[in-house]
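Good morning. I will go through one structure today, so please have a look at the display before I start.

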Amino acid sequence: MKVSDADILIVPGYTNSGPDHWQTRWEQKLSTARRVEQAEWSKPVRDDWVARIAEEVNAATKPVVLVAHSLGVPSVIHAIPYFRNKVAGAFFVTPPDVANPKIKPKHLMTFGPYPRDPLPFPSLIIASRNDPFSSYEQTEELARSWGSLLIDAGEAGHINADSGHGPWPEGTMVFAKFLSGLKA
């Protein structure tokens, strides 16, 4: 699959992805990419976020490729039962442990727990060994239950602009390879 064959939906996490974030850069570079906008970025409500994602997937005119970061990942997972259009694949980066009572802010726990059923489309998870929002072992378990390919990013923090992943060329290469293996 090529970029032009898909509707690429960028699904940011808590507080959105700023101008230096890799998701914003990809949105600007990929001709068929668009951001799933949320009404409230700093006080997310699970049902609202899930409904917006499902709305965008269901409005797509091409097979959808989801690119979710952080809180965008559980939002996508909870939206799956509402998808009516084809999702060709999902590219997940640093899913947070939303069942961890130590997560900050606490209301992010309302996005958990994760369903553990295998996903109905190909998926890839990129995880960091020192992500402050999830242990690598927790993410490994998610990947196993969902049937996702797991890529170890080493000690890369939360893989956002704060951890030095603005341009993130390694992520771009992994995404290109993932996209090329999907079927329209």
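**A walk through the sheet**

I begin with one pair: phenylalanine 91 has leucine 124 in strand 5 as its bridge partner. This is a predicted model, in which local features need pLDDT of at least 70 and side-chain atom pairs count only at pLDDT 80 or more, while totals for chains, interfaces and linings use all residues. Residues are numbered from 1 along each chain as its sequence is written, and side-chain values use heavy atoms, with hydrogens and water left out.

Some terms first. Helices (H or I, at least four residues) and strands (E, at least two) are DSSP runs, numbered from the N terminus. Two strands pair if DSSP finds at least two bridges between them.

Now the overall layout. The protein has five helices and six strands. Their order from the N terminus is β-α-β-α-β-α-β-β-α-β-α. The radius of gyration, taken over C-alpha atoms and set against a globule rule of 2.2 Å times the number of residues to the power 0.38, is 15 Å; the rule gives 16 Å for 184 residues, so the protein is as compact as a globular protein of that length. Along the principal axes, the C-alpha atoms fill a box of roughly 40 × 35 × 30 Å.

Next, the sheet. In which order do the strands of the open sheet lie? The order is 2-1-3-4-5-6, and the pairing is parallel. Strand 2 and strand 6 (149–152) are the edges, each pairing on one side only. Neighbouring strands are turned by 20° against each other on average, direction ignored. For angles, axes are lines fitted to C-alpha atoms, for helices over the stretch in contact, and values run from 0 to 180 degrees between N-to-C directions.

Let me stay with strand 4. Is strand 4 (residues 87–93) buried or exposed? Buried means under 20% relative accessible area, exposed over 50%, and partly exposed in between, with a 1.4 Å probe and protein chains only. Seven of its seven residues are buried, so strand 4 is largely enclosed by the rest of the structure. The chain reaches strand 4 from strand 3 by way of helix 3 (residues 72–79), and this β-α-β crossover is right-handed; that is, with the strands pointing away from the viewer, the path from the first strand over the helix to the second runs clockwise.

Strand 3 (residues 64–69) and strand 4 run parallel and are joined by six bridges. Across that pair, leucine 66 stands opposite alanine 90, and valine 67 stands opposite phenylalanine 91. Strand 4 is also joined to strand 5 (residues 123–127) by four bridges, again in parallel.

What lies on the sheet? Helix 5 packs there, touching strand 1, strand 3, strand 4, strand 5 and strand 6, and its direction makes about 160° with that of strand 4. Contact here means heavy atoms within 4.5 Å.

One residue of helix 5 (residues 169–180) is valine 174. At 22% relative accessibility, valine 174 counts as partly exposed. Beyond its neighbours within four places in sequence, valine 174 is in contact with Phe91, Leu124, Ile126 and Ile151. Valine 174 and leucine 124 are 50 residues apart in sequence and 9.5 Å apart in space, C-alpha to C-alpha.

Last, helix 1 (residues 22–29), where Trp22, Gln23, Thr24 and Trp26 are buried. Their cover includes strand 1 (7–11), strand 2 (33–35), strand 3, strand 4 and helix 5.
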